[in-house]
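User: I would like to go through some side chains and a pocket in this structure. Please keep the answers short.

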Amino acid sequence: MKNNQIFKKSSIVLLVFVFAIGLVSCSSEPTLQSYFVEKSEDPNFISLTLPASILNIAVDSLEADQKEALATLKKLNVLVFRNTQKDPSVFDAESKTVVKILSTSSYTELMKLKAEAYQGSVSYLGSEDALKELIVYAKGGKEGFVLIRVMGDGMNPKYLKPFL
């Protein structure tokens with residue numbers, strides 16, 4: 001009887017411990033991936049996932065290192081928000097959410113884009129010579145914004161410039 005009670009107590013303690021670890025490891029902060037997934041069902045957004053082959057690049061004309069770089073491209077995720085809302089706070093909230101996600105320490109900003117009422121950024125995830133994702137965010141005045149994730153495995157920006 002005593003062993004059974006000890007077993008039950010230790011099982012409960014273990015279950016509480018596992019649950020606590022789960023809570024600590026789960027981040028409540030949105031990620032770019034979760035944002036794409038969430039907004040793919042939203043009627044205010046257009047969501048596309050395109051294979052890298054859509055770029056239709058003539059491989060024969062490429063140098064060996066460029067062919068290697070092209071092989072590292074996997075897909076492009078495109079998310080477009082066209083501001084058709086009467087309430088400008090929806091557009092402001094969505095663009096602030098994207099900027100907040102991109103300003104986390106996971107992403108490194110490569111450059112800012114700005115021209116009159118248009119602005120944006122180019123960021124990446126990974127190391128400088130082996131990118132996991134290249135992210136382009138462009139916001140056009142109050143018309144809307146586009147978010148593009150170029151995804152790959154060990155992409156080298158040095159060799160990707162001609163493709164983008």
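Analyst: This is a predicted model. K39 has a relative accessible area of 8%. Buried means under 20%, so K39 counts as buried.

User: Which residue meets the side chain of K39 in a salt bridge, at 3.3 Å, N to O?

Analyst: The partner counts as exposed, with 53% relative accessibility, because the cut-off for exposed is over 50%. The partner and K39 also belong to one network with E94, joined by salt bridges that share partners. The residue that meets K39 is E38.

User: How far apart in sequence are R149 and E133?

Analyst: R149 and E133 form a salt bridge, with the closest N and O atoms 2.7 Å apart. R149 lies in strand β6 (residues 144–155) and E133 in strand β5, so the pair links distant parts of the chain. Both residues are buried. Their separation in sequence is 16 residues.

User: Is K139 buried or exposed?

Analyst: K139 is found in strand β5 (residues 130–140). Its contacts beyond four places in sequence include F91, Y118 and F145. The relative accessible area of K139 is 17%, and the limit for the lower class is under 20%, so K139 is buried.

User: Which element gives the largest share of the lining of the largest pocket?

Analyst: The largest pocket has a volume of about 250 Å³. Among the residues closest to its centre are E109 and K112. The elements that give two or more residues to the lining are α4 (88–102), β3 (108–115) and β4 (118–127). The largest share, five residues, comes from β3.

How values were computed
Residues numbered from 1 in each chain as written. Predicted model: local features only at pLDDT ≥ 70, side-chain atom pairs only at ≥ 80, totals over all residues. Heavy atoms only, no water. Helix = DSSP H or I, 4+ residues; strand = E, 2+ residues; numbered from the N terminus. Buried < 20%, exposed > 50% of the residue type's maximum accessible area, 1.4 Å probe, protein only. Contact = heavy atoms within 4.5 Å. 1 Å grid on protein atoms, 1.4 Å probe; cavity = no way out; pocket = protein on both sides within 12 Å on 5 of 7 lines; lining within 4 Å. Points joined across faces, edges and corners; volume = space filled by probe spheres on them. Salt bridge = Lys/Arg side-chain N within 4 Å of Asp/Glu carboxyl O.
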